[in-house]
Each structure stands twice: as structure tokens, then as C-alpha cells.
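Hi,

Here is the structure I promised to pass on to you. Have a look at it first, and then read on for what I found in it.

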Amino acid sequence: MNDIKVYGITGGAGTGKSEVMRMLRDDFGGLTVVTDDVARENERKGHCSYNKIVNAFGTDFLDSDGEIDRQKLAQLVFNDEEKMRILNQATRDDVRDEVKKKIEYAKYSKKYNFVAIESAILLGHGDENLFDEIWYVHTDPSIRRIRLKETRGYSDEKIDSIIKSQDNDSELLSRCQFVIENNGKLSDVYEQLSRKLKNA
């Protein structure tokens, strides 16, 4: 078995995690997994998280095909801490199990240099032992605002609510072993990753 490193990637909305993950996959040969994508697949009708969510929240957020309308579900839980906790509890175990399978696949396949898991749901809930290190993508709040407006068309009010709902920088940084600064050119991010992985 190939004993490769597993890195947890985190950071707030608008920090550029997607670009970091793209680089880790395309430029550095990592297996990259986004837990939100894993959760989305698990939540499809007939998949492992579907019944748990329907049992917890009813059927008002299902579309005409009986699939979960994630936008409606997000609106339901976004500003309700208890509902968000219930949703995370309903899906976290399934996401964790799938992530473990992907890590094992990477280790046995010998196709990858490392595994990078972008996740918020697995951090801070006792699952840090899945990762050899946790990396945090940091971007100044003013730049995050610009990115969220330009790329997602969010209003200032929505951006305020997103930033408020996410872990603040000090809490995230206290759990991370490496910080990626993403306030300028992507070439700067590449150089930071290159130096880090060269010494891994």
C-alpha cells in the first residue's frame, strides 16, 4: 500500500479554494475530493443520505421528480443553527465513509502523490484524524467580497450573512498547520504550494 499524505483544505467562501484544488489536481498530481460534491451525490434519490434528510425535514423541499432541491434546503437551514446541525448530522457520517473509501483507493492505486479533501463538514467534529495536515486558504475580506459579487452575483447583505455564519479566521487558523495566502496572483499560490509539497 502506498502511504501517501492526506491534506484537509478549508477556508471561507470567496477565498479561492476551487483554484487551489485545481492546482493540486492538475499541477501536483493529487487526488482531490470536495465533500460538498460527495454530499450532493449522497443526497440523490436512492442514495445513502436521501432518506435521512427527508425524515428530518419532510418533503416540502423536494422537486417534481422527488429529488432534493438543494437551494430550497439551504434556505431552510441557512439561518437556523439547530436545523443546520441536524442536516450536518444526517449527512456527515455518509460523507466521512465516502471520503475514507477515496483515501483508501488513492493509497492502493499508487496513481496519486497525495490526497486533498476540501471540507468544512469534517473539520471541528472529531474527524481531523483523517488528515495528516489541515491547510487554510486565507484571503482578505475585502477581496472575498469582490470575488463573491463578481463570480456569484451576491448582494452585500448575503455576503454579510455568509461570512457571519462561517468560522472566523482565528478559529480556523488555530486548527491549521499551513496557510495559503490568496490575495494576489494565482502564480503566487502556485509557488506556495510548490514549496510546501517539495518539503512534504
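Let me start in the middle of things: T32 has A116 of strand 3 as its bridge partner. Please keep in mind throughout that this is a predicted model.

That bridge belongs to the pairing of strand 2 (residues 30–34) with strand 3, where 5 bridges join the two strands and they run parallel. Strand 3 also pairs with strand 1 (residues 5–10), again in the parallel sense and over 5 bridges; here K5 has F114 as its bridge partner.

How buried is strand 3 itself? Of its 5 residues, which span 114–118, 5 are buried. F114, A116 and E118 point one way, while V115 and I117 point the other way. That fits a familiar pattern: side chains in a regular strand alternate between the two faces of the sheet. Do note that E118 is among the buried residues.

Now for the sheet as a whole. It is open and has 5 strands in the order 2-3-1-4-5, with parallel pairing. Strand 2 and strand 5 are the edge strands, each pairing on one side only, and the twist averages 25° from one strand to the next. Towards the strand 5 edge, 4 bridges join strand 4 (residues 133–138) to strand 5 in a parallel arrangement, and W135 has F178 as its bridge partner there.

Two helices to look at next are helix 2 and helix 5. Helix 2 lies across strand 2 and strand 3 and runs at about 55° to strand 2. Helix 5 packs on the sheet too, touching strand 1, strand 2 and strand 3, and its direction makes about 175° with that of strand 2. The axes of helix 2 (residues 35–42) and helix 5 (residues 81–109) come within 9 Å and cross at roughly 115°, and the crossing is right-handed. T35, V38, A39 and N42 make the contact from helix 2, and D94, V95, E98, V99 and K102 from helix 5. By class, that contact has 4 nonpolar, 2 polar and 3 charged residues.

One last spot for you: N182, in the loop between strand 5 (178–181) and helix 9 (186–198). Is N182 buried or exposed? N182 counts as buried because its relative accessibility is 3%, below the 20% cut-off. Its side chain reaches the backbone oxygen of T15 at 2.8 Å. Leaving aside residues up to four places away in sequence, N182 touches T15, G16, V137, H138, T139, R147 and V189.

Happy browsing, and best wishes!

Notes: Residues numbered from 1 in each chain as written. Predicted model: local features only at pLDDT ≥ 70, side-chain atom pairs only at ≥ 80, totals over all residues. Heavy atoms only, no water. Buried < 20%, exposed > 50% of the residue type's maximum accessible area, 1.4 Å probe, protein only. Pairing = 2+ DSSP bridges. Polar contact = N/O pair within 3.5 Å; in protein donor to acceptor, adjacent residues only side chain to side chain. Contact = heavy atoms within 4.5 Å. Axes fitted to C-alpha atoms, helices over the stretch in contact; angles between N-to-C directions. Left-handed = near helix turned anticlockwise from the far one by under 90°. Nonpolar A, V, L, I, M, F, W, Y, C, P; charged D, E, K, R; others polar.
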